[in-house]
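Thanks for sharing this one. Here are a few notes to read alongside the coordinates.

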Amino acid sequence: MSEIKVNKISPRTNCGTVTLGDSGDTITIPAGATITNSGTANGFGASGAISWQTAVKTGDFTAVSNEGYFVNTSGGSDITVTLPSSPSAGNVVAIKDYARTFGTNKVTMARNGSNMDGVAADTVLETSGLSVTFVFMDSTKGWSFITEDITSSAGASFVQATGGTVATVCTDFKIHTFTGPGTFCVSSAGNSAGSNSVEYIVVAGGGGGGANRGGGGGAGGFRFASPTLSPATYPAKPLAAPANIPVSVAAFPITVGAGGTAGNPPTTDAGQGADSVFSTITSAGGGRAGRANTNSPGANGGSGGGAADDDGAGGTGGTGNTPSVSPAQGTNGAPAPAALGGGGGGGGLSAGSCGPNPNGGGAGGAGGGFPTAFGTSGESCGSFYYFAGGGGGGGRDNANGTPGAGGVGGGGPGGTGAPGCGPQKAGTAATANTGGGGGGGGNNGGPCKGAAGGSGIVIIRYKFQ
């Protein structure tokens, strides 16, 4: 075998062509040898190789065969990528969703005269996180996918879900608010490097207010876990559960409890609030309030209902946190000592109060507050949203029979004991979707009706990016 040793082979003319061997020859590269390409390689059987362009594309552009592009649509506009004209079989173009925003602002792959999988139509990319490679097959089929990947992230993976009313807060968090029955559908369970659990607020329906100097309804059970929220001293924080709920790819039914019905004179008792449920968390409905003459004690529940004064004999308030959970889901309703108005219903964070002498109704207990970043539902109070306030008790029998105030968090005020029984003498209904207790009715010259408790709410929050 002959051997030629040279440092460089050049064509005879400038910018000419050097040919190694003839058609049919075999050129052997021995083991251990390295070929370094400092220019462009063509015809080496690697027409499907991708050369990724490092400049991120943020607007419309025309792709070049065998190049890959990072495309960023987070600026708020759709982007059109025009495929190469007159492509050859084996040419490829790759696209990667740089900011995982194709689901919000799409990319249109303009075919530029070639078919797409045999159809004369452009292809739209509108799946967040998508990576896709197109290959040109021939003039009949044109461009088609050879790879398609919608993995949510490399390394860190995050919870993805649908259901309820969805909003983005604090840049990287989503909240799902349910004000009625629904389903929280998890499509990605995430991982520990990203997120794999959810925070929650689960508030049951509040109890109804009692008639005839009746007690205030107890707030619906109030359970939540929100350890990532700040500030750490916000009003509900002391009762936060120690851990979030891990999730799997599944459908989680959501139950939102209705508020208890109003007590009506002379013989209709108020209704108990209904439970709210998410996953392993059940919050108990608020206890109904007592009414005078019969059934004067308040009922047990998430928070206890306030008692009614039974013709001077007094009554006992209902017991909160029934059934018992830890941290507690509510507090006790107030008793109604002789010659006072109805006792206030228990709230999520504090118990109901007895009425002031003479004849006044007791205030409902306070509920808990969350920073507005957790959700946009509930009763606003300053920079927080509050839930689960107890209903105020009704006043007794004369001009001094002042109504009990509703507890912050949607609790309805009680009715007054001033003469007559117009609308102002009846209890006031609790605010919807707060789980507040209904206000108790007053009495002077005739018994006045209580008011309905507020429906509950379920809010779910998680990190999604």
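The points below cover a sheet, the cysteines and a surface patch.

1. A friendly reminder to start: this is a predicted model. Please read the values below in that light.

2. Let me begin with the sheet. Five strands make up an open sheet, in the order β10-β13-β17-β18-β19, and their pairing is antiparallel. Its edges are β10 (159-162) and β19 (281-283), each of which pairs on one side only. On average, neighbouring strands in this sheet are turned by 20 degrees against each other, direction ignored.

3. At the β10 edge, the partner is β13, residues 182-189. The two strands run antiparallel and are joined by four bridges. If you want a register check, look at Ala161, which stands opposite Val186 in β13.

4. How many disulfides does the structure hold? The count is zero. Two cysteines are worth a look for their accessibility. Cys185 has 31% relative accessibility and so counts as partly exposed, since that class lies between 20% and 50%. Cys354 is also partly exposed, its relative accessible area being 36%.

5. Which residues form the nonpolar patch on the surface? They are Ile4, Val6, Ile9, Val18, Leu20, Ile27 and Ile29, and together they have about 740 Å² of accessible area.

6. One member of that patch, Ile29, deserves its own point. Ile29 is found in the segment before β1 (51-57). With a relative accessible area of 48%, Ile29 is partly exposed, because exposed would require over 50%. Ile29 does clear the cut-off for patch members, which is over 30%.

Notes: Residues are numbered from 1 along each chain as its sequence is written. This is a predicted model: local features need pLDDT of at least 70, side-chain atom pairs count only at pLDDT 80 or more; totals for chains, interfaces and linings use all residues. Side-chain values use heavy atoms; hydrogens and water are left out. Two strands pair if DSSP finds at least two bridges between them. Axes are lines fitted to C-alpha atoms, for helices over the stretch in contact, and angles run from 0 to 180 degrees between N-to-C directions. A disulfide is a pair of cysteine sulfur atoms within 2.5 Å. Buried means under 20% relative accessible area, exposed over 50%, partly exposed in between (1.4 Å probe, protein chains only). Patches are made of residues with over 30% relative accessible area and no salt bridge: like charges are joined within 9 Å, nonpolar side chains (Val, Leu, Ile, Met, Phe, Trp, Tyr) within 5 Å. Accessible areas come from the Shrake-Rupley method with a 1.4 Å probe; for residues, only the protein chains shown count as cover. A salt bridge is a side-chain nitrogen of Lys or Arg within 4 Å of a carboxyl oxygen of Asp or Glu.
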